[in-house]
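This report describes the fold of a protein chain, moving from its overall dimensions to individual strands and residues. The sequence and the structure are shown first.

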Amino acid sequence: MSPNDIKKGTVIRFNGDLWIVMDFQRVSPGKGSSFVRTKMKNLKTGKAVENNFKSAENLEFEDVQYKKMQYLFTDGNLYTFMDNQTYEQVTLSASDIGDDVKYLKEGIEVTILTYNDLPLTIQLPKKIEFTVKDTEPAVKGDTASGNVTKEAFMDNGLMVKVPIFVSEGDVIIVNTEDGSYAERVAK
């Protein structure tokens, strides 16, 4: 397969290991041949690397399965997910999930990537709703000093920088790609 077929979430075999593409960008320089710049994560070690593939290269894409599953609970080390159709459960370690573990909260639906029936990692929805559990109230004059965001802690412990008008009990939407505040959900 051509590197031009790479998408986010594509699993490729590279240097003998399986890698998942976390991010990519097609680059066509004015001089020279085009290439695809990728940020990949090793599915065995969790190590992230950046690599460029020339468009003329041949890559080995692996056939992975995607299953929608619901996050149930963690025992501190392992995270358990359940298929709501078959009630099949799978567990993944924190290192399998990587940085995305901080976004997990009970009941959320994620996509589990499996290879030969072996669960590899998860893909989160791009945006997730959280309830603000703890944040400081807005103080008159905050905007005058240029302090227009504040720290807020979500119902699962996640910390997000939010605008000062967000208060405890509000439901907000968070981008899971960069952990940024997206919007407040209307009550």
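## A bridge between β11 and β12

D134 has F153 as its bridge partner in β12. The model in which this pair occurs is a predicted one. Strands β11 and β12 run antiparallel and are joined by three bridges.

Strand β12 presents two faces. K150, A152 and M154 make up its covered face, whereas T149, E151 and F153 make up the uncovered one. F153, the bridge partner of D134, therefore belongs to the uncovered face of a strand whose other face is covered, where cover is judged by relative accessible area.

## Overall architecture

The protein chain contains one helix and 15 strands. Along the principal axes, its C-alpha atoms fill a box of roughly 60 × 50 × 25 Å. Of the 187 residues in the chain, 38% are buried. When contacts between residues at least 6 apart in sequence are considered, 43% of them join residues at least 24 apart.

The chain exposes about 11100 Å², and carbon and sulfur atoms supply 48% of that area. There are 23 positive and 28 negative charges, and the mean positions of the two sets lie 6 Å apart.

## The sheet containing β11 to β15

Five strands form an open sheet in the order β13-β12-β11-β14-β15, and their pairing is antiparallel. At its edges are β13, residues 159-163, and β15, residues 181-184, each of which pairs on one side only. From one strand to the next, the twist averages 50°.

Within this sheet, strand β11 (residues 127-135) and strand β14 (residues 171-175) run antiparallel and are joined by five bridges. E129 stands opposite I173 of β14. On the other side of the order, β12 and β13 also pair in the antiparallel sense, over five bridges, and E151 stands opposite K161 in β13.

## The β12-β13 turn and D155

β12 and β13 form a hairpin with four residues between them, and G157 in the turn has a positive phi of about 95°. D155 lies in the loop that links β12 (149-154) to β13.

How exposed is D155? Its relative accessible area is 39%, and because the partly exposed class runs from 20% to 50%, D155 is partly exposed. Leaving aside neighbours within four places in sequence, D155 is in contact with K105, F130, T131 and K133. D155 and F81 are separated by 74 residues in sequence and by 19 Å in space, C-alpha to C-alpha.

## The β9-β10 hairpin and T114

Strand β9 (residues 109-115) and strand β10 (residues 118-123) run antiparallel and are joined by five bridges. Their hairpin has two residues between the strands, and N116 takes a positive phi near 50° there.

T114 has its place in strand β9, and its bridge partner in β10 is P119. Is T114 buried or exposed? With a relative accessibility of 8%, T114 counts as buried, because the limit for that class is under 20%. Not counting residues up to four places away in sequence, T114 touches V64, Q65, P119 and L120. P119 is thus both a contact of T114 and its bridge partner.

## The sheet containing β1 to β5

A further open sheet of five strands has the order β4-β3-β2-β1-β5, with antiparallel pairing. Its edge strands are β4 (48-54) and β5 (60-61), and each of these pairs on one side only. Strand β3, residues 35-42, pairs with β4 in the antiparallel sense over seven bridges. In that pairing, K39 has E50 of β4 as its bridge partner.

F35 lies in strand β3. Its relative accessible area is 18%, and F35 is buried because this value falls under 20%. Apart from neighbours within four places in sequence, F35 is in contact with Q25, R26, V27, P29, N52, F53, K54 and S55. The C-alpha atoms of F35 and I97 are separated by 29 Å, and these two residues are 62 apart along the chain.

Definitions and conventions. Residues numbered from 1 in each chain as written. Predicted model: local features only at pLDDT ≥ 70, side-chain atom pairs only at ≥ 80, totals over all residues. Heavy atoms only, no water. Buried < 20%, exposed > 50% of the residue type's maximum accessible area, 1.4 Å probe, protein only. Contact = heavy atoms within 4.5 Å. Areas by Shrake-Rupley, 256 points an atom, 1.4 Å probe, with all protein chains shown as cover. Lys, Arg positive; Asp, Glu negative; His and termini not counted. Charge placed at Lys NZ, Arg CZ, Asp CG, Glu CD. Pairing = 2+ DSSP bridges. Axes fitted to C-alpha atoms, helices over the stretch in contact; angles between N-to-C directions.
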